[in-house]
Amino acid sequence: MKADFYETLSVSRNADEKELKSAFRKLAMKYHPDRNPGDEEAERKFKEINEAYETLRDPQKRAAYDRFGHAAFENGGMGGGQGFGGGGFADIFEDIFGDMMGARQRRSASRDRGADLRYNMEISLEEAFTGKTAQIHVPTSIACDECSGSGAKPGTSPSQCGLCHGSGRVRAAQGFFSIERTCPQCHGRGQTISDPCAKCSGQGRVTEERQLSVNIPAGIEDGTRIRLAGEGEAGLRGGPSGDLYIFLSVKPHEFFQRDGADLYCKVPISMTTAALGGAFEVATLDGTQTRVKVPEGTQNGRQFRLRGKGMPILRQPQVGDLYIQVAVETPQNLNKKQRDLLEEFERISSKENSPQSTGFFSRMKDFFESFSE
């Protein structure tokens with residue numbers, strides 16, 4: 001007994017044309033014999049959903065089916081819906097599987113494309129700041145100069161494949177369908193080589209180290225990928241070359257840390273410079289020195305901003321900033337006189353000289369006293 005067409009497509013009886021088509025697309029993709037080679041059950045299901053869709057998509061057939069069921073098409077009623085001659089199934093088949101077949105043809109056309117290559121390059125922060133042109137050596141496959149990349153012995157040429165007649169595809173009957181597949185003899189190339197080139201063994205390419213010039217723009221960041229189109233591995237037997245990808249990493253710097261376009265530098269200063277004020281000079285990546293003034297009473301960790309002294313922004317006229325953070329250094333290895341002077345300073349100091357520590361310990365005292373109340 002035949003299954004109900006609506007149940008076959010998993011739709012309700014009031015489903016419109018859009019719902020029918022959507023349901024058929026999903027099921028057809030699932031049970032198509034090309035996706036289930038040798039699966040008789042999938043082939044049977046595919047026939048069923050095709051018959052159901054061909055019937056329900058036609059308003060007259062659908063009306064007859066809704067009224068009389070499968071009996072409407074028995075004994076020469078309105079004609080079965082299994083045939084492939086009508087435009088309905090052909091249209092929907094092209095709509096569903098056209099992209100899939102097209103993708104296969106594109107894959108076949110690009111079958112001989114060379115592989116993409118990766119090259120890791122490490123540069124300094126100074127090189128990232130100024131930019132550079134680097135020369136690199138890459139071992140890769142290049143087109144064979146003996147056979148000009150054809151793979152055939154000089155004086156000969158590839159011949160048309162006798163099995164697929166140059167199309168690269170062959171058709172094979174599989175039950176109810178005719179399936180197109182890649183030619184097993186030429187592997188989709190459409191040509192065969194009876195007398196291969198001795199230098200490349202018929203591959204059309206040989207391995208060689210190449211020297212390439214790579215332009216690294218100013219402001220490049222760590223982890224940036226540069227693509228050199230067509231500089232990868234040569235394609236097989238004259239196929240297109242792959243691409244070369246340069247992966248850049250920037251070495252850690254002795255003085256500067258980078259955050260985007262901004263630079264950060266930590267500078268130690270003496271306790272007396274922080275207390276009395278002073279100045280120091282810091283070198284920048286543009287090759288100049290900049291004087292940084294330290295005001296009296298500077299605290300540890302204070303930052304000073306130097307505008308326009310950071311990193312250039314890639315392919316833009318703007319430049320980042322340089323932030324100088326001071327670290328106040330506590331004196332070590334004091335002699336007796338130095339110790340005496342510091343003790344004298346501590347004795348004559350007032351709360352106003354150390355407002356942060358005075359305020360902190362005052363609040364801490366209040367905090368502990370609150371427990372005794």
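**Questions about a predicted model**

Colleague: Let's start with a single residue: is serine 10 buried or exposed?
Modeller: The model is a predicted one, and in it serine 10 has a relative accessible area of 62%. The cut-off for exposed is over 50%. Serine 10 is therefore exposed.

Colleague: Thanks! Where along the chain is serine 10 placed?
Modeller: Serine 10 has a positive phi of about 60°, although it is not a glycine. In space, its C-alpha is 7.1 Å from that of alanine 23, while 13 residues separate the two in sequence. As for its place, serine 10 belongs to the loop between helix H1 (5-9) and H2.

Colleague: Which loop holds serine 148?
Modeller: Serine 148 is a residue other than glycine, and its phi is positive, near 60°. With a relative accessibility of 67%, against a cut-off of over 50%, serine 148 counts as exposed. Its loop is the one between strand E2 (132-143) and strand E3 (159-160).

Colleague: Let's step back to the whole chain. What share of its residues is buried?
Modeller: The chain has nine helices and 15 strands. Its exposed surface comes to about 23200 Å², with 48% of that supplied by carbon and sulfur atoms. Among contacts with a separation of 6 or more, 63% join residues 24 or more positions apart. Of the 373 residues, the buried share is 36%.

Colleague: Now the helices. Are H2 and H3 roughly parallel or antiparallel to each other?
Modeller: Two packed helices are described by the angle between their axes and the distance between the axes. For helix H2 (residues 17-31) and helix H3 (residues 40-56), the angle is about 165° and the axes are 9 Å apart. An angle over 145 degrees counts as roughly antiparallel. H2 and H3 are therefore roughly antiparallel.

Colleague: And what is the handedness of the crossing of H2 and H3?
Modeller: From H2, the residues in contact are Leu20, Lys21, Phe24, Leu27, Ala28 and Tyr31. H3 answers with Ala42, Lys45, Phe46, Ile49, Asn50, Tyr53 and Leu56. The crossing of H2 and H3 is left-handed.

Colleague: On to the strands. Which are the edge strands of the open sheet E10-E11-E15-E14?
Modeller: This open sheet has four strands, and their pairing is mixed. Its neighbouring strands are turned by 30° against each other on average, direction ignored. An edge strand pairs on one side only, and here the edges are strand E10 (256-259) and strand E14 (303-306).

Colleague: In the hairpin of E10 and E11, which glycine in the turn has a positive phi?
Modeller: E10 pairs with strand E11 (residues 262-270) in the antiparallel sense, over four bridges. In these strands, arginine 258 has leucine 263 as its bridge partner, and glutamine 257 has tyrosine 264. Two residues lie between the strands of the hairpin, and the turn residue with a positive phi, about 65°, is glycine 260.

Colleague: How many bridges join E11 to strand E15?
Modeller: One pair of bridge partners is proline 268 with alanine 327 in E15. E11 and E15 (residues 322-329) run parallel, and the number of bridges that join them is eight.

Colleague: E11 has a covered and an uncovered face; which residues form the covered one?
Modeller: The uncovered face of E11 holds Asp262, Tyr264, Lys266, Pro268 and Ser270. Two of these have bridge partners already mentioned: Tyr264 with glutamine 257, and Pro268 with alanine 327. The covered face consists of Leu263, Cys265, Val267 and Ile269.

Colleague: One last sheet: which residue in E9 is the bridge partner of arginine 225?
Modeller: The open sheet E1-E9-E8 has three strands with mixed pairing. Strand E1 (117-123) and strand E8 (225-228) are its edges, and the twist averages 25° from one strand to the next. E8 runs antiparallel to strand E9 (residues 244-250), with four bridges joining them. The partner of arginine 225 in E9 is phenylalanine 247.

Definitions and conventions
Residues are numbered from 1 along each chain as its sequence is written. This is a predicted model: local features need pLDDT of at least 70, side-chain atom pairs count only at pLDDT 80 or more; totals for chains, interfaces and linings use all residues. Side-chain values use heavy atoms; hydrogens and water are left out. Buried means under 20% relative accessible area, exposed over 50%, partly exposed in between (1.4 Å probe, protein chains only). Contact means heavy atoms within 4.5 Å. Accessible areas come from the Shrake-Rupley method with a 1.4 Å probe; for residues, only the protein chains shown count as cover. Two strands pair if DSSP finds at least two bridges between them. Axes are lines fitted to C-alpha atoms, for helices over the stretch in contact, and angles run from 0 to 180 degrees between N-to-C directions. Angles under 35 degrees count as roughly parallel, over 145 as roughly antiparallel, 65 to 115 as roughly perpendicular and the rest as oblique. A crossing is left-handed if the near helix is turned anticlockwise from the far one by less than a right angle, and right-handed if clockwise.
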